[in-house]
Amino acid sequence: MLPGLSKAEARVLGLLSYGIVLFNGCGITRLSHGLAKIEQVPAGRLRQRLREFSYEAEAKRGNKRREVKVEACFADLLRSVLRGWEGKKELALAMDASTLGERFTVLSISVMYRGCGIPIAWKIIPAMQEGEWRPYWEGLLSTFEGVVPPDWKVILMADRGLYAAWLYQAIVKLGWHPMLRVKEDLRFRATAEETFSPMGLRVKRRGRGWSGKGEWSEHGERMEGTVIIRWEKGYAEKLVVVTDLNEKEANAAWYQMRFWIEDEYKDHKSGGWGWEQTKMTDPGRAERQWLARAVAMQMAVLIGGQEEAEEQERKRRKAKGKRRVGKPPKPVCRPRAREQSVLMAGQQSIQAAVARGEEIPMGHVVTEEWPKQTYGVYKPTKSWVKKSKQKQAKKRYHKNKQARTCQGELTLTQDAAQEHEKKQPSAQPPKHVRKRERAKQEQEAKRLLRQAKREERKREQEEHRVQKLCEHEERKQEQQHKRERRLRAREEREQERLWRLQWHEQIKRKREQRLARKQERMARRASGAAATSSALSTILADDQPLASLPKPP
């Protein structure tokens, strides 16, 4: 998988990856004690071997020691994913940034595969480090130059916080297709238009979309490409994506695969191998430890994905030709998700093979169809409702805190004014006059505070009223559209009924005409037979017998 490593480094990396998958964790204590029982070596000695894998060369004993160059492994990690590829030559990548508390910020690029992410490049920096991320992202992208064959279709997705013109150009330079989410207020001008306008204004109703070519501008940098906008029901924000693909080739539903990288981060941390409990503080050592998890994740995901593809093929063959009558070909709601991730399935397969004493299986990529449509949210999940309540509570807390701060500043100002008055010479107004003035100032301050609160409450009420009015207008428009659709459907049914009546009338008239013609023919035949019989009676006498017909030979 990684030919650039030495035998010793590959052996320790294999132990680390094997232990992570087998013991479901990346803690050095868990790995050293568990692997020591398998290898039958002292746990302390093995612990030091595992720890030195993440050390830099200066921290190791000896003169000819070297450190693991993580950047040299990125291209080999991608090649190992492409090896044995089965299916369409379409590769989906995603890039994102994640944090580990106030310690690390992880910039990573991953392969999106069957609901999971396979990390292939990363850079870990201190969380509070100032400066741009551009050199790091350009360095990560440059490691993949020439790795993917030119006849492949590669898309690279990123969230709106990472969009930049230089990033778009760097992706295009590799021969890949960027699919970068941008903000709704980004200025855009479609082809054959003269003025720029915010992208989000092109879709005004939920359940609608728009796509087209043009150019957009941010900080004076103009870029050309295709813009895809989609706003599904149940979402507060629109999905706005820019790409260099043609509007007929690109699909907004592909961007759903970017969210799989969030699941990958969860697998690294609390949802899987517990990296959030690490005690490391050095970013370089954390990068080398991330390499062990990347190898372990690639092995498990490929095995689990291959097993899932085989199971889907068995079900497809079993259900071939049994399509239910009346089932719509296009699903209305989101299909049911996996019962467990392919990472967990592959990890279980490896553990089962070890328990049975068999050879550890190896997998490869078996592609699946990319998403073809987006889905609305008709009922929010409990987690979303909980998070929204927490967000609103946090907003109220900060608002009240700001009000308390303003009140405290006002009190301090009043106290300072009182102290200043006390320090003034004796030539002051009488005490009762000063008391009356202080009372007036306090009343004025309270009045201003009440007025500010009243204006804030009025503004909130106005915002709420506008929001309710917009929702009412949307519901009214939706009802109007439904009513128009029902009227059109009723008119179509009425036209079809009238057409059927006309058709039946025509059939009836034709049947009556045929019957009349048949009766006329029968009448003519009857009249002809009567005329023949009268003619014979005049030619032959009644007493003259008819000659008998000759017998046939």
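## Strand 2, an enclosed strand

Let's start inside the sheet: 10 of the 10 residues of strand 2 are buried, so this strand is largely enclosed by the rest of the structure. Please keep in mind that this is a predicted model. Strand 2 covers residues 104-113. Phe104, Val106, Ser108, Ser110 and Met112 point one way from the strand, while Thr105, Leu107, Ile109, Val111 and Tyr113 point the other way, and all of them are buried. As a reminder, in a regular strand the side chains alternate between the two faces of the sheet.

What pairs with strand 2? On one hand, strand 1 and strand 2 are antiparallel and share eight bridges, with Met95 standing opposite Ile109 in strand 2. On the other, strand 2 runs antiparallel to strand 3, and 10 bridges join the two. In that second pairing, Ser108 is opposite Trp122 in strand 3, and Tyr113 is opposite Cys116 in strand 3.

Both connections are hairpins. Strand 1 and strand 2 are linked with three residues between them, and Gly101 in that turn has a positive phi of about 60°. Strand 2 and strand 3 have two residues between them, and here Arg114 in the turn has a positive phi of about 50°.

## The whole sheet

Strand 2 belongs to an open sheet of 10 strands in the order 3-2-1-4-5-10-9-8-6-7, with mixed pairing. Which strands stand at the edges? They are strand 3 (116-126) and strand 7 (197-198); each has a single partner strand, so one side of each is left without a neighbour in the sheet.

Helix 6 (residues 165-173) packs on this sheet. The strands that helix 6 touches are strand 1 (90-100), strand 4 (153-158), strand 5 (177-181), strand 8 (208-218), strand 9 (221-231) and strand 10 (239-243). The direction of helix 6 makes about 155° with that of strand 5.

## Trp122 on the edge strand

Is Trp122, a residue of strand 3, buried or exposed? Trp122 has a relative accessible area of 1%, so this residue counts as buried. Leaving aside residues up to four places away in sequence, Trp122 touches Val70, Phe74, Leu77, Leu107, Ser108, Leu140, Glu287, Trp290, Leu291 and Ala294. Among these contacts, Ser108 is also the residue that stands opposite Trp122 in the strand pairing.

For a sense of scale, the C-alpha atoms of Trp122 and Asn246 are separated by 30 Å, and the two residues are 124 apart along the chain.

## Cavities

How many cavities of 30 Å³ or more does the structure hold? There are two. The largest cavity has a volume of about 170 Å³, and 18 residues line it. Glu90, Met112, Tyr113, Glu368 and Trp370 lie nearest the centre of this cavity. Strand 1 and strand 2 each supply at least two residues of its lining.

By residue type, the lining of the largest cavity divides into 12 nonpolar, one polar and five charged residues.

## The second largest pocket and its helices

The second largest pocket has a volume of about 670 Å³. Of its 28 lining residues, Gly27, Ile28, Thr278, Lys279 and Gln289 are the closest to the pocket centre. Helix 1, helix 2, helix 3 and helix 8 (283-318) each supply at least two residues of the lining. Which helix gives the most? Helix 2 does, with four residues. The lining of this pocket divides into 12 nonpolar, 10 polar and six charged residues.

Helix 3 (residues 43-52) has buried residues too: Leu46, Leu50 and Glu52. These buried residues of helix 3 pack against helix 1 (7-23) and helix 2 (28-39).

## Two loop residues with positive phi

Most residues other than glycine have a negative phi, and most peptide bonds are trans. Two loop residues are worth a look on that account. Gln40 has a positive phi near 60° and is found in the loop between helix 2 and helix 3. With a relative accessible area of 72%, Gln40 is exposed.

His219 has a positive phi of about 55° although it is not a glycine. His219 is found in the loop between strand 8 and strand 9, and at 77% relative accessibility His219 counts as exposed.

Key. Residues are numbered from 1 along each chain as its sequence is written. This is a predicted model: local features need pLDDT of at least 70, side-chain atom pairs count only at pLDDT 80 or more; totals for chains, interfaces and linings use all residues. Side-chain values use heavy atoms; hydrogens and water are left out. Buried means under 20% relative accessible area, exposed over 50%, partly exposed in between (1.4 Å probe, protein chains only). Contact means heavy atoms within 4.5 Å. On a 1 Å grid over the protein atoms alone, a cavity is a set of points where a 1.4 Å probe fits but cannot get out, and a pocket is an open set with protein on both sides within 12 Å along at least five of seven lines; lining residues have an atom within 4 Å of a point. Grid points are joined across faces, edges and corners, and a volume is the space filled by probe spheres set on the points. Ala, Val, Leu, Ile, Met, Phe, Trp, Tyr, Cys and Pro count as nonpolar, Asp, Glu, Lys and Arg as charged, and the others, Gly among them, as polar. Two strands pair if DSSP finds at least two bridges between them. Axes are lines fitted to C-alpha atoms, for helices over the stretch in contact, and angles run from 0 to 180 degrees between N-to-C directions.
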